[in-house]
Amino acid sequence: MTINSYIFEYLDENDFRKKERSVRKYNMLAYKKLTFHYYPELRKGNFLGEEVAKDEKKHTVSYELKLPTDEMFTKVHGEIRLHYTVYLDKKVILLTNITPEGILNEGHRAELSTYKGVMVSKTNPEKDMFKINLLNMLDK
């Protein structure tokens with residue numbers, strides 16, 4: 001690790017790690033890209049994603065980074081995004097969240113089933129299956 005590299009800290013490490021494991025379990029492509037490409041780039045100071053907030057007084061910049069996701073998953077649950085804040089003067093990257101929170105938290109708590117290749121929540125499976133069927137009909 002070089003002197004100029006940034007270090008990672010967490011807003012809530014337990015919660016963040018649960019979501020990260022859920023991404024690993026249900027979307028290996030996003031997890032591999034995050035672990036082997038995005039994290040090393042962030043540590044080098046190459047801030048990826050779109051800037052969503054800037055605080056001149058605290059010298060912070062907040063970003064959202066879209067992770068690669070299956071198109072059907074995105075249409076049903078939303079994009080998988082890494083949320084982080086950079087403390088420029090402290091050389092710290094605060095990893096704050098991975099969204100969509102609902103399905104990622106649920107995926108950590110229980111084994112989720114899939115329908116036509118898309119994760120289905122246990123709390124609202126009919127709604128998710130309806131969306132998947134509707135999207136499949138629209139694609140035809």
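Author: Let's begin with some vocabulary: a residue is buried when its relative accessible area is under 20%, exposed when it is over 50%, and partly exposed in between, using a 1.4 Å probe and the protein chains only. This is a predicted model, in which local features need pLDDT of at least 70 and side-chain atom pairs count only at pLDDT 80 or more, while totals for chains, interfaces and linings use all residues. Residues are numbered from 1 along each chain as its sequence is written, and side-chain values use heavy atoms, leaving out hydrogens and water.

Reader: Thanks! Why is Arg17 called partly exposed?

Author: Its relative accessibility is 28%, between the two limits, so Arg17 counts as partly exposed. Glu13 is at 41%, so the label partly exposed fits there as well.

Reader: What makes Arg17 and Glu13 a salt bridge?

Author: A salt bridge needs a side-chain nitrogen of Lys or Arg within 4 Å of a carboxyl oxygen of Asp or Glu. The closest N and O atoms of Arg17 and Glu13 are 3.6 Å apart, so the pair qualifies. Both residues lie in helix 1, four residues apart, about one turn of the helix. Helices here are DSSP runs of H or I with at least four residues, strands are runs of E with at least two, and both are numbered from the N terminus.

Reader: How many salt bridges does a search of the whole structure find?

Author: The search finds eight. One of them joins Lys66 and Glu79 at 3.4 Å, N to O. Lys66 lies in strand 3 and Glu79 in the loop between helix 3 (71-77) and strand 4, so the pair ties together parts that are 13 residues apart in sequence. Glu79 also meets Arg81 in a salt bridge, at 2.7 Å. Glu64, Lys66, Glu79 and Arg81 are linked in a network of these bridges.

Reader: How do you know whether Arg81 is buried or exposed?

Author: Arg81 has 17% relative accessibility, which is under the 20% limit, so Arg81 counts as buried. Its partner Glu79 is partly exposed, at 26%.

Reader: Why are helix 1 and helix 2 called oblique to each other?

Author: Axes are lines fitted to C-alpha atoms, for helices over the stretch in contact, and angles run from 0 to 180 degrees between N-to-C directions. Angles under 35 degrees count as roughly parallel, over 145 as roughly antiparallel, 65 to 115 as roughly perpendicular and the rest as oblique. The axes of helix 1 (residues 13-26) and helix 2 (residues 28-44) come within 5 Å and cross at roughly 120°. That angle belongs to the rest, so the two helices are oblique.

Reader: Which residues of helix 1 and helix 2 meet?

Author: With contact taken as heavy atoms within 4.5 Å, Phe16, Glu20, Val23, Arg24 and Tyr26 in helix 1 meet Met28, Ala30, Tyr31, Leu34 and Tyr39 in helix 2.

Reader: And what makes Leu138 exposed?

Author: Leu138, in helix 5 (residues 125-139), has 62% relative accessibility, which is over 50%, so Leu138 counts as exposed.

Reader: Where do His59 and Lys91 sit?

Author: His59 is in the loop between strand 2 (50-55) and strand 3 (60-66), and has a positive phi of about 55° although it is not a glycine. Lys91 is in the loop between strand 4 (81-87) and strand 5, with a positive phi of about 60°.
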